[in-house]
Structure formats: structure tokens, C-alpha cells
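Please look over the sequence and the 3D structure shown here. A short report on the chain comes after them.

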Amino acid sequence: MVIGIIGLGNIGQMLVKGLSKSRVVSPSDMIVFNRSRDKAAELQRLYPFELAATAQETADKADMLFICTKPLDVLPVLRELTLPARLHLVSVAAGVSLQDLETVHSAPVSKVIPTVTSEELRGVSLFASNRLVNDTQRDSLRLLLDALGTAKEVSEESIETATILTSSAPGLIAGILEAFAQAAVRTSPELGIDTARRMLTETLAGTSLLLKGQELGFDQLIERVATKGGITEEGLAVLGRTLPQAFDDLFAMTSEKHALLKQKVQAQIIDRKGEQ
């Protein structure tokens, strides 16, 4: 199977690096196109994939094509191509629905929400597929995503919420930990911000291994750490007064952002129909 990738932004590069590192496919089984050929050539020196001269060449040779452009560039780029009917088209763009993709490719289409942690072959990659994706194509996509961590098929209706828990979460967790570290240093300046960050990083790694290795629920781990009347229990009570509303606000904000992006994508489709 030949994997095509159009666009070498963060996600496109992650796919090249992660798939190569996992060895689920060889770089020689990838064909890549990027507008900046110098950027692609630099990555090719590390991962010897085939470098396409055009996006059309990538589409012609690929069995599965990942379109890794910015969301508002996905449909315009695809409209410039002649996509083979056999091609399994996979978009990694938020805000572009399966139905939107079907306006340019009335054949097998999927959308994937990847995560940057896939470079370390960890994390969850979400995916949803249309009815034209057959079992073989779905299994092939799942195989690739499982090699990058864990593949999870979800409905389109829930994919935006799930995205916050998977794709956005590394950045959100880093932001929470940074605020945690800064608060510690405000309380004890002699600790130093670098030391506080290292402590939290190691603690996060250990917590993750403990949860996964012993198959603990979050509540079970809390019970282990939070003794009755202890500091951790009191600390959880403090967080319980502020965090629920903060996370509700977070999900409300992301819903608004997704709705706005969808409106812009729909405007592209309406404008296109008006031109025809």
C-alpha cells in the first residue's frame, strides 16, 4: 500500500516521522508533496520517501491519501486534483466534515484527528469514515493509526468533544502544568522554575504509567493518594471549586470555534456552487 501525504506542516511531518519510526510502513512506500520543495527535501534526507513534483502525482500513485493542509485550504486544494475513484481520501483538518469531503470525492473518505504525541508512538488518533470505506480500507487505516499509538473510531457527532481529550490535550495539559509550576515558584522562589517543571514532568510520566499499568480509574488513584483530612484531599476540594466551570467554559469555547470554522467551510462550498 502506498501512502500519500500532501502538506508538511506539523501533522504531515508527524505522519512521516511516526509511521517511519513505527515501521508499519517503509518511507519508500510513502509519496509526499509539499509546496516548499526545500522543506520536503530536508525531511526526505532523514526519511527517504518519494518526493512528488506535484500534488496530482501524489494522488495518482497513492492508495491512501492524507491531505494535511490548513482547514480552509483542504477543499480548494482537492478541487485542483483529479482523484482516482479507488483512492481512500483522509483529511486531518478540523471543521471539514465527511460530507464536505464528499463534495470533491464521491468515494471512500475518512477524517482523522491525530495528536502530536504520535511522534513518540503514544496517544489517541480519532477517526470517522463514510459508508463507502470498506472493511479492508478501514482496517488499513486503523493499522496505521494503531502503530502511532491507539486508534479510536468515533462518530462525527462526538469527534469535536473527543478532540479536546486527545489532540488538544497535550497543549492544555502543558498549560496547566506550567501554571502549577509557576504557582509553586511564587510560593517558594528558591525552588526555581526549571526544577519545578522537571518535577511535574516526571510526576506526570509516573502517574500515566501507574494509571495504565495497573488499570486504575482516576477515582482509584485519588483514593490511594488522598488520605482523609490530608493535604491532597484539601487540595482536591480547592480544585473542585474552580476547575469544573473552567472546563465547561473550555468546551463551550471550542464548540463556538468549530461552529465558526464550519461556517467558513460551508461558505466555500456555497461560493463554488454559485460559480458553476
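The report goes from the whole chain to a pair of helices, a buried residue, two loop residues and a surface patch.

**The chain as a whole**

The model is predicted. The chain contains eleven helices and eight strands. Along the principal axes, its C-alpha atoms fill a box of roughly 65 × 45 × 35 Å. Of the 276 residues in the chain, 38% are buried. The exposed area of the chain is about 15600 Å², and carbon and sulfur atoms supply 55% of that area. Contacts can also be sorted by how far apart the two residues are in sequence. Among those between residues at least 6 apart, 58% join residues at least 24 apart.

**Two packed helices**

Helix 7 covers residues 156-166 and helix 8 covers residues 169-187. Their axes are 5 Å apart, and the helices pack at an angle of about 45 degrees. Helix 7 and helix 8 are therefore oblique to each other. On the helix 7 side, the residues that meet helix 8 are I164, L165 and T166. Their partners in helix 8 are A169, P170 and L172.

**A buried residue**

T58 is found in helix 3, which covers residues 55-61. T58 counts as buried because its relative accessibility is 0%, and buried means under 20%. Leaving out residues up to four places away in sequence, T58 touches G4, I5, I6, I31, V32, F33, A52 and L65.

**Two loop residues with positive phi**

R23 is a residue other than glycine with a positive phi value, and E215 is also a residue other than glycine with a positive phi value. The table lists both.

| Residue | Phi | Loop | Relative accessibility |
|---|---|---|---|
| R23 | near 65 degrees | between helix 1 (10-22) and strand 2 (30-33) | 75%, exposed |
| E215 | near 50 degrees | between helix 9 (193-213) and helix 10 (218-225) | 70%, exposed |

R23 counts as exposed because its relative accessibility is 75%, and exposed means over 50%. With a relative accessible area of 70%, E215 is therefore exposed.

**A nonpolar surface patch**

Which residues make the nonpolar surface patch of about 470 Å²? The patch is made by I176, I222, L236, L239, L243 and F247. Helix 11, residues 231-275, supplies the largest share of the patch, four residues. F247 is placed in helix 11. Is F247 buried, partly exposed or exposed? F247 counts as partly exposed, because its relative accessibility is 36%, and partly exposed lies between the buried cut-off of 20% and the exposed cut-off of 50%.

Definitions and conventions: Residues are numbered from 1 along each chain as its sequence is written. This is a predicted model: local features need pLDDT of at least 70, side-chain atom pairs count only at pLDDT 80 or more; totals for chains, interfaces and linings use all residues. Side-chain values use heavy atoms; hydrogens and water are left out. Patches are made of residues with over 30% relative accessible area and no salt bridge: like charges are joined within 9 Å, nonpolar side chains (Val, Leu, Ile, Met, Phe, Trp, Tyr) within 5 Å. Accessible areas come from the Shrake-Rupley method with a 1.4 Å probe; for residues, only the protein chains shown count as cover. A salt bridge is a side-chain nitrogen of Lys or Arg within 4 Å of a carboxyl oxygen of Asp or Glu. Buried means under 20% relative accessible area, exposed over 50%, partly exposed in between (1.4 Å probe, protein chains only). Axes are lines fitted to C-alpha atoms, for helices over the stretch in contact, and angles run from 0 to 180 degrees between N-to-C directions. Angles under 35 degrees count as roughly parallel, over 145 as roughly antiparallel, 65 to 115 as roughly perpendicular and the rest as oblique. Contact means heavy atoms within 4.5 Å.
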